[in-house]
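Here's a quick briefing to read alongside the model. Have the viewer open and follow the topics in order.

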Amino acid sequence: MFDDTIVAISTALGEGAISIVRLSGPDSIEIANKLFKGKDLMDVKSHTIHYGHIYEPETDSILDEVMLTVLKSPRTYTKEDIIEINCHGGIYITNKVLELTLTMGARLAEPGEFTKRAFLNGRIDLAQAESVMDLINAKTEESLTVAMKGVDGRVSKLVTHLREQVLQVIANIEVNIDYPEYDDAIEMSNELLKPLINNVILELNRILEVAKTGKIIREGIKTAIIGRPNVGKSSLLNKLMREERAIVTEIAGTTRDVIEGFINIGGIALKLVDTAGIRETEDLVEAIGVERSKQAISEAELVLLVLNNSEPLTEEDRLLLDLTKDKQRIILINKSDLESKIDKSKLNNFIETSMVEDIGIEDIEEKVKQLFDLGEIKTKDMTYISNTRHIAKLRIARESLENASRAIEMEVPVDMVEVDVKEAWIALGEILGKEVGDSLLDELFSKFCLGK
Ligand SMILES: Nc1nc2c(c(=O)[nH]1)N(C=O)[C@@H](CNc1ccc(C(=O)N[C@@H](CCC(=O)O)C(=O)O)cc1)CN2
Ligand SMILES: Nc1nc2c(ncn2[C@@H]2O[C@H](COP(=O)(O)OP(=O)(O)OP(=O)(O)O)[C@@H](O)[C@H]2O)c(=O)[nH]1
Ligand SMILES: [K+]
Ligand SMILES: [Mg+2]
């Protein structure tokens with residue numbers, strides 16, 4: 001447990017009806033008691049809420065009328081004593097209450113520090129803590145469901161189960177090393193260890209297969225809208241978003257900065273990025289835009305490549321077709337309402353669209369579902385493994401076990417096999433936050449919002 005008391009505004013800062021200033025640590029109740037009048041907080045039971053006023057000690061004047069919750073260790077979010085002051089929303093009052101707790105000895109919390117304490121104090125494991133962040137960031141119903149399962153400990157249970165199986169392998173190897181006379185060592189390895197290890201590998205294969213979908217649900221699909229100037233990229237963004245998000249004009253080179261927005265296709269968030277049109281240019285500002293488009297292509301998981309039906313294919317179109325040929329991409333022949341001058345025989349697998357006559361938008365959405373297999377997205381099953389860090393660790397575990405399995409086949413001494421199996425054990429443990437270093441923890445938790 002920590003000996004300092006942290007504080008933060010746990011609600012979004014802005015004009016709201018109520019905002020919460022939350023304290024956690026050994027002095028929470030004492031600090032609050034110095035500012036609160038209505039009841040002696042040192043005397044109240046845990047998990048009770050109290051009506052009263054926050055006073056400014058210097059002037060002895062009322063700052064705010066509040067409801068204040070007392071939550072005593074250990075049955076709390078951080079396992080520490082927690083005070084939640086429900087203030088009238090509004091930036092001035094809330095900040096003022098926060099300031100007063102600081103003058104009384106609390107320290108401003110770092111982003112994610114409450115959740116970090118929940119982890120370090122042993123209430124949740126790292127996978128659960130990471131899911132809390134996913135919960136906050138969720139943009140679709142499906143990603144919310146996945147995150148909630150993580151908070152609930154489903155990832156942790158699955159990984160714990162895998163670790164138990166790996167531990168059983170290690171235990172068997174240890175017996176084998178300690179009592180080699182019990183059995184013929186090699187025979188023992190082959191007959192006992194191999195099926196044990198292979199079972200875990202099979203399970204990991206299954207999990208990693210479904211995790212692809214989980215990752216898409218969690219993170220969405222980074223989608224870049226690419227094309228020459230004036231082909232209708234921004235018009236497409238607006239149509240997909242059903243909102244006038246980007247400026248559309250007949251002037252080529254209208255979009256200069258990257259414009260982003262989210263849409264929901266079949267429960268999956270598509271993170272759309274509208275870019276400057278790509279063409280060779282002398283204009284410095286636009287040249288920067290072109291660089292960004294190329295960057296957008298390389299970062300994208302899906303490219304919507306827009307061509308203009310009313311003009312023949314140009315050098316730039318061909319360049320873009322080439323730059324995106326190894327990507328998941330959808331080719332759109334836009335302005336299909338105008339007379340066609342494009343040579344369609346040179347292209348295959350395209351969708352004809354018109355942004356002015358509203359043609360082809362549903363076809364694009366269907367195509368996305370088809371490309372990413374989203375027709376049957378179900379959040380039951382195993383899709384709750386979705387976090388890139390977790391997936392990477394599961395892969396390491398699988399690889400280590402495959403090495404172990406091969407080593408057994410080659411009749412390598414069991415203590416050598418054990419090295420590989422232990423690597424799998426460690427990788428799985430890292431998912432839960434066992435044996436992870438301070439710097440990784442700092443990085444993970446700093447991505448949280450303030451007050452979480
Ligand atoms: N006012 C308020 N609302 C909130 C939170 C909060 O901290 N304060 N939460 C913050 O994220 C979420 C709720 N999550 C929570 C998760 C665990 C515990 C907790 O006290 N767990 C203890 C005791 C459980 C029990 O009493 O059965 C435990 O697990 O040991 C509290 C809140 C959302 N709403
Ligand atoms: N006829 C017709 N005009 C379109 C269509 N889509 C877009 N336009 C028009 O084409 C012009 C350019 O559209 P934008 O959406 O700004 O094109 P852009 O690709 O974003 O252009 P830059 O940002 O300048 O590269 C505008 O005048 C649009 O109204 C379409 O399907 N048919
Ligand atoms: K334009
Ligand atoms: Mg544009």
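**Where two domains meet**

Across the interface of domain 2 and domain 3 there are four residue pairs in polar contact, both residues at pLDDT 80 or more. Helix 7 (residues 185-219) gives the most to the side of domain 2 that touches domain 3, with three residues. That side of domain 2 splits into two nonpolar, three polar and three charged residues. Keep in mind that this is a predicted model.

**Domain layout**

- The domain assignment cuts the protein chain into domain 1 (6-123), domain 2 (129-217 + 384-445) and domain 3 (219-371).
- Domain 2 is written as two stretches, 129-217 and 384-445, and the C-alpha centres of domain 2 and domain 3 sit 41 Å apart.

**More on the domain 2 and domain 3 interface**

- Eight residues of domain 2 are in contact with eight residues of domain 3.
- The size of an interface is often quoted as the accessible area lost when the parts come together.
- Here, domain 2 and domain 3 bury about 700 Å² between them, with 53% of it on carbon and sulfur atoms.
- K139, T140 and I216 supply 57% of the area that domain 2 buries against domain 3, more than any other three residues.
- How many salt bridges are counted between domain 2 and domain 3? The count is one.
- K215 forms a salt bridge with E219, and the closest N and O atoms of that pair are 2.8 Å apart.

**Ligand 1**

- The residues around ligand 1 are I20, R22, R75, T76, Y77, E84, R123 and K452.
- On the side-chain front, a polar atom of R22 lies 2.6 Å from an oxygen atom of ligand 1.
- K452 also comes in through its side chain, with an N or O atom 2.8 Å from an oxygen atom of ligand 1.
- Y77 uses its backbone instead: a polar atom there is 3.3 Å from an oxygen atom of ligand 1.

**Ligand 2**

- Ligand 2 has 23 residues around it, and the closest are K233, S235, G253, T254 and M355.
- Which part of S234 approaches ligand 2, side chain or backbone? The side chain of S234 does, placing an N or O atom 2.9 Å from an oxygen atom of ligand 2.
- G232 offers a backbone N or O atom, 3.0 Å from an oxygen atom of ligand 2.
- T249 likewise has a backbone N or O atom in play, at 3.4 Å from an oxygen atom of ligand 2.

**Backbone oddities**

- Most residues other than glycine have a negative phi, and most peptide bonds are trans.
- Against that background, a cis peptide bond joins S73 and P74, with omega at about 5°.
- P74 sits in the loop between strand 5 (61-71) and strand 6 (82-88).
- H47 is a residue other than glycine with a positive phi, near 55°.
- You'll find H47 in the loop between strand 3 (36-37) and strand 4 (48-56).

**Salt bridges in the whole structure**

- Side chains of opposite charge can pair when their charged atoms come close.
- The structure holds 28 salt bridges, including one between the side chains of D4 and R107, at 2.9 Å from N to O.
- That pair ties together distant parts of the chain, 103 residues apart: D4 is in the segment before strand 1 (6-9), while R107 is in strand 7 (residues 107-108).

Definitions and conventions. Residues are numbered from 1 along each chain as its sequence is written. Chains are lettered from A and ligands numbered from 1 in the order in which they are written. This is a predicted model: local features need pLDDT of at least 70, side-chain atom pairs count only at pLDDT 80 or more; totals for chains, interfaces and linings use all residues. Side-chain values use heavy atoms; hydrogens and water are left out. Domain bounds come from an automatic or database domain assignment. Contact means heavy atoms within 4.5 Å. Buried area is the accessible area (1.4 Å probe) that two parts lose on being put together, summed over both. A salt bridge is a side-chain nitrogen of Lys or Arg within 4 Å of a carboxyl oxygen of Asp or Glu. A polar contact is a pair of N or O atoms within 3.5 Å; within protein, one must be able to donate a hydrogen and the other to accept it, and residues adjacent in sequence count only if both atoms are side-chain atoms. Helices (H or I, at least four residues) and strands (E, at least two) are DSSP runs, numbered from the N terminus. Ala, Val, Leu, Ile, Met, Phe, Trp, Tyr, Cys and Pro count as nonpolar, Asp, Glu, Lys and Arg as charged, and the others, Gly among them, as polar. A residue is near a molecule or strand if one of its heavy atoms lies within 4 Å of it.
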